[in-house]
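Let's go through the labels one at a time and ask what stands behind each of them.

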Amino acid sequence: MGLIALGVTGGIGAYKAVEIVRRLQQGGHDVVTIMTPNARRFVGRLTFEAITRRPVIVDQFAPGANAAVEHVSLATDIQALLVAPATANTIGKLAHGIADDFLTSLYLVTRAPVVIAPAMNTNMYEHPAVAGNLQALRARGAHVVAPGEGYLACGWTGPGRLASVEDVAAAVEGRLRPAAGLDGRRVLVSAGPTCEDLDPVRFVGNRSSGRMGFALAAEAAGRGARVVLVAGPCGLEPPSGTEVVSVRSAADMHAAVMRGAVEADAVIMAAAVADYTPGDGPRPQKIVKESETITLTLARTTDILAALGRWRGGRRLPVLIGFAAETRDVVARARAKLEAKRVDLIVANDVSRSDAGFGAETNAATLVAPGGTTDVPLQSKRGVARVIIDRLQGMLVERDTADAVRTADHEPS
Ligand code: CTP
């Protein structure tokens, strides 16, 4: 079972794609249809919309489609990309990396298995240009479902007819990407520093690079989660497949995290949120040097992680994970934060080390949970992210199992 993207291109076999959708649905799969502009000359989008119960994607530049960079988010969600029928033109574009519509862009972004079912005139199919393009696609791992032979719509007889519905569906089912550990889960990660503006040119900030949070977001997205990355100013390239919400101050981050937490299965607060901000907000004019000393009055910000802990209360979700940047008594102080903020795990960093924590490429940490502590040895931040996300996956499975047991206990006997 999984989400399959079906690309329909402009050939007479397009009407048979409707049957393919039905067959895939009977196998328990969910199908999202993408039509090239020429496909719409052969079959109406309403037919696909009615049977898939999803909007058909026809335009890469439709209003709204780019807000979520749809071809990127769909690319990570799907378990397979099927192109049926595939015309010589689309096969040529796929083989040469031309991305001038939604389907051909999706092909370049997705890492899901690709199945191509060609359908065209016999001479076109046998032309060395088409044969070479199909060979290039096969060499890159795509599976080509050989067309059937027989009487073609163009009046010729020979190979070129779209393979049978059963053969196409079987080819897809045999190649579905296995469900990744976080498929269907929503994970919110905060990352980077916050900047508390003093005046139009100055701010109070910190040395967080954002790398740990970005590594966590990339790792969760790589395992199939839908990831929202709430990032303070850090100038890092967003990991593919994540939705980035850029914020500046602790107050902005608080608002964005609380908004996103409502839908999340897990929230990981890797951001170095300012604990204090200018008491009266930023001055509207630049502060000028008039006296020898200056006193700034700073007020406490909201502790976002603690607010999440209070808001969740006794519920099981979202799983809450925090960080603790410490310079002494690392585990004891992290444990105190775990209890005070009512969260499930604290990743404690000894920031007095030069090879770990703020600004470093590597990290070492101690995972502090109610049940005990685990040391994570010095390694790349992506490596540490892998260990943390493994732990998160385990916590989500534990909660599912506990819920299932509870439901069974309440079933009438
Ligand atoms: N945090 C937060 N909101 C804040 C400050 C911190 O959500 N206003 C989160 C951080 O993202 C981190 C955790 O709380 O996950 C711990 O942050 P840290 O700065 O180590 O500890 P504090 O609780 O701020 O305590 P102190 O600075 O006194 O050590």
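Q: What makes the shell around the ligand nonpolar, polar or charged, residue by residue?
A: The split is nine nonpolar, three polar and four charged residues. Ala, Val, Leu, Ile, Met, Phe, Trp, Tyr, Cys and Pro count as nonpolar, Asp, Glu, Lys and Arg as charged, and the others, Gly among them, as polar. Bear in mind that this is a predicted model, where local features need pLDDT of at least 70 and side-chain atom pairs pLDDT 80 or more, while totals for chains, interfaces and linings use all residues. Residues are numbered from 1 along each chain as its sequence is written, and side-chain values use heavy atoms, with hydrogens and water left out.

Q: Which residues come nearest to the ligand?
A: Met269, Ala271, Leu305, Phe323 and Lys341 do, out of 16 residues around the ligand. A residue is near a molecule if one of its heavy atoms lies within 4 Å of it.

Q: Which elements each supply at least two residues of that shell?
A: Helix H12 (304-312), strand S16 (319-326) and helix H13 (330-341) do. S16 gives the largest share, four residues. The names come from DSSP runs, numbered from the N terminus: helices are H or I with at least four residues, strands are E with at least two.

Q: What makes the pair between Met269 and the ligand a polar contact?
A: A polar backbone atom of Met269 is 2.7 Å from an oxygen atom of the ligand. A polar contact is a pair of N or O atoms within 3.5 Å; within protein, one must be able to donate a hydrogen and the other to accept it, and residues adjacent in sequence count only if both atoms are side-chain atoms. So the Met269 pair qualifies, at 2.7 Å. Asp275 also makes a contact, with a polar side-chain atom 3.1 Å from a ligand oxygen, and a backbone N or O atom of Ile304 lies 3.0 Å from a ligand nitrogen.

Q: How much of the ligand does the protein bury?
A: The protein buries 79% of the 570 Å² that the ligand exposes when taken alone. Those areas come from the Shrake-Rupley method with a 1.4 Å probe; for residues, only the protein chains shown count as cover.

Q: Why is H12 called largely enclosed?
A: Because seven of its nine residues are buried, H12 is largely enclosed by the rest of the structure. Buried means under 20% relative accessible area, exposed over 50%, and partly exposed in between (1.4 Å probe, protein chains only). The buried set is Ile304, Leu305, Ala306, Ala307, Leu308, Gly309 and Arg312.

Q: What caps the N-terminal end of H12?
A: Asp303 does, with a side-chain oxygen 3.1 Å from the backbone nitrogen of Leu305. After H12 comes Gly313, with a positive phi near 55°.

Q: Is Ala340 buried or exposed, and how do you know?
A: Exposed: its relative accessibility is 61%, so it clears the cut-off. Ala340 is found in helix H13.

Q: Why does Asn349 get its label, buried or exposed?
A: At 7% relative accessibility, Asn349 counts as buried. This residue belongs to strand S17 (residues 345-350). Its C-alpha atom is 7.2 Å from that of Val330, 19 residues away along the chain.

Q: What about Thr110, buried or exposed?
A: Thr110 has a relative accessible area of 5%, so it is buried. It is found in the loop between helix H6 (102-109) and strand S4 (114-118). Its side chain reaches the backbone nitrogen of Ala112 at 3.0 Å.

Q: What makes Arg53 worth a comment on its phi?
A: Arg53 has a positive phi of about 55° although it is not a glycine. Most residues other than glycine have a negative phi, and most peptide bonds are trans. Arg53 sits in the loop between helix H3 (45-52) and helix H4 (70-77) and is exposed, with a relative accessible area of 76%. Asp329, in the loop between S16 and H13, also has a positive phi, of about 45°.

Q: Which peptide bond has omega near -5° and ends at Pro318?
A: The bond from Leu317 to Pro318, which is cis. Pro318 lies in the loop between H12 and S16. The bond from Ala84 to Pro85 is cis too, with omega near -5°, and Pro85 lies in strand S3 (residues 80-86).
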